[in-house]
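Visitor: I would like to learn how to read a few features of a structural model, taking one feature at a time. Could you guide me through it?

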Amino acid sequence: MEPETTPDTLIHTPGTGRPVPEAGPELLRRWRSGGGELVELLTEVRGLGGVAAFRLGPAPTVLVTDPDAVQHVLARHPDRYVKRSHRARLLIGDGVLAATGAAWKSQRRLLQSQFTGPGMRRYEHRITGAARTTAERWDGYARTGQTFDVGREMRRYALDAIWRSLTGHPLDDGTESELAAVAAVATALPTLPADVTDAHDAVAADLARIDAVARRAVEAARDGAAGPDGPGLLHVLTDAAAERPEYTDRLIRDEMVTLLVAGHETTATTLTWLHLLLDRYPAAREQALAAGGEGTEQRRQAVQALVHETLRLYPSAWILPRHAAEAGTLAGYCVEAGTDILVCPYLTHRDPELWPDPEHFDPRRFTAPDGRPTHPGAYFPFGIGPRACLGLQFALRESTVLLEHLLPAHTLAFSATPAKTVYGITVRPDGPALATSVRPPG
C-alpha cells in the first residue's frame, strides 16, 4: 500500500510510476536560514530514500544516490538523462568534458586511445619523471626542515605530470606560475555571475594567461618541436587537425585546457586529502608499506587501495548533474521530462547500508575479498557509463607512482591543516596544509 501523501509535496506523472518522495518547504526554509552548504541539504534529502526530490525554484530536482538508480541514469540510459552545459565551460570551452552529441563522440574517440593500454604506457616514464622530481624536492625539505604546503606540492606534481604528457617537456617555474591561472579560474567558477559576459570579465586576466600558454604550446607542437620525452598529447591533437577540420586552434586549445584541468586539479586534490587522512590514520601507511617490498604488485595494490579509499570519501566528481530529456520511470518512480537530476557519488560512498562505518578511513575495503559492495553504482568516483572520466587510469597511475616514491621515505608532521571543506567543482580542503617532512626511522 502506498503511504498517504499530499499533492504539493510530490512529483507526479499519472500512469508512469510512483511519485518521487519530495522534501517539504520546512526543510528548505531551515537550510536557507542556516546558510548551509548544498551538501547539507542533499544529505537531509537523502534521508527520504535513494531517489528523492526537492525544489530550489519552481521546478523539481531529483537526487539519486541508490546504486541501481545511479546505474540506470549514468550507464543504462545516458541518452535519456543527458549532460547539459558544463559548469566549467567558461574555462574549458568545447573540450571533451563539455561537448555533447556527435562532437563529444568524435572527440572522446580520439582521446580514448591515449588513456588505455598502449597509450597509457606511452606516458608512464613521464609520470615517473615527475614523481622523481617531487621526491628529490621532498628530500631537500627533509634535510633542511623546511615547511611546505602539501596542497601546493601536489598541484605542482600533478601539473608537471600532465604537462610532460602534453608537451614532452618537464614543467618549468615560469609555466607553473602562468598555469596557476587554471586553478584560480576553477576555484572562482561557483561564485561567478550568472551572466556569461560578466563571468568572463571577472576572470578575463586569468583566461588571457591560460590562452597565451596554450597558444605557445600548440605552436611548438605544430612546428614539430618534441620535448626530451618525445611527442605528447598536443601532437596527437595537432596531427588530427590535418584530417579533421573541426580541430581548429580554438578546439585544440579547449582540449588542452580540459586535459590540464582534469589531469591535475582532481589528482592534486585527491593526493592532498590522502596525506591529511594518513596524518589521522597513520597505521594505514604502515599497512600499505608492509604489504610487499618495493616494486612488488602487493605493495602497488595496497597503495592503490589508499587512493581508492580517499576517492570514496572525496570523489573527484562529487556531484554529477543530468537533465531528463524525456519522461521515464526511475527505480519505480516517475520522472517528468525537463526534470533536473543530481547523481551524488559523495553521498552514495557514505551510505552506511553500502559502506559500514562510512566516515572511517579504511583502505582494506579495497583489498579484502568482501570489503566493498560489488554493485558498480556503489563506487564511482570518476562516474560510470559512456561519460565516465576517460583519464581514470592516468589519474590512478599518477597517484600510485608518486606515493610509491614518497611513502617509504617521508612522513609528514602538520603544523596547520584546513578546518573546512569546500564543495565546488571538486571537494577540496579550504586552506593550506602546512607540514614538514620527517624521515621514518631505519
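Visitor: In which loop does A325 lie?

Guide: Please keep in mind throughout that this is a predicted model. A loop is located by the elements that flank it, and A325 lies in the one between β7 (320–324) and β8 (328–330).

Visitor: Is A325 buried, partly exposed or exposed?

Guide: The reading rests on relative accessible area, where buried means under 20% and exposed means over 50%. Because A325 has a relative accessibility of 47%, it counts as partly exposed.

Visitor: Which residues does A325 touch, leaving aside those up to four places away in sequence?

Guide: With those set aside, A325 touches D79, R80, V82 and A337. A related reading compares separation along the chain with separation in space: A325 and P78 are 247 residues apart along the chain, while their C-alpha atoms are separated by 9.9 Å.

Visitor: What is the strand order of the five-stranded open sheet, and why is one side of β3 and of β5 left without a neighbour?

Guide: A sheet is read by its strand order and the sense of its pairing, and here the order is β3-β4-β10-β7-β5, with mixed pairing. β3 (51–55) and β5 (81–82) stand at the edges with a single partner strand each, so one side of each has no neighbour in the sheet. Helix α2 (residues 38–46) packs on this sheet, touching β3, β4 (60–64) and β10, and its direction makes about 130° with that of β3. Within the sheet, β7 and strand β10 (residues 340–343) run antiparallel and are joined by four bridges, with L320 standing opposite V343 in β10.

Visitor: How many strands form the open sheet with the order β6-β14-β11?

Guide: Three strands form that sheet, and their pairing is antiparallel. Here β6 (148–149) and β11 (411–416) are at the edges, each with a single partner strand, so each has one side without a neighbour in the sheet. Two bridges pair β6 with strand β14 (residues 434–438) in the antiparallel sense, and F148 has A435 in β14 as its bridge partner.

Visitor: How many cavities of 30 Å³ or more does the structure hold, and which elements give two or more residues to the lining of the largest cavity?

Guide: A cavity is read through its volume and its lining, and the structure holds two of 30 Å³ or more. The largest has about 50 Å³ of space, and the elements giving two or more residues to its lining are α12 (249–280), α14 (297–313) and α16 (392–406). That lining divides into five nonpolar, five polar and no charged residues. The second largest cavity has a volume of about 40 Å³, and α12 gives the most to its lining, with four residues.

Note on methods
Residues numbered from 1 in each chain as written. Predicted model: local features only at pLDDT ≥ 70, side-chain atom pairs only at ≥ 80, totals over all residues. Heavy atoms only, no water. Buried < 20%, exposed > 50% of the residue type's maximum accessible area, 1.4 Å probe, protein only. Contact = heavy atoms within 4.5 Å. Pairing = 2+ DSSP bridges. Axes fitted to C-alpha atoms, helices over the stretch in contact; angles between N-to-C directions. 1 Å grid on protein atoms, 1.4 Å probe; cavity = no way out; pocket = protein on both sides within 12 Å on 5 of 7 lines; lining within 4 Å. Points joined across faces, edges and corners; volume = space filled by probe spheres on them. Nonpolar A, V, L, I, M, F, W, Y, C, P; charged D, E, K, R; others polar.
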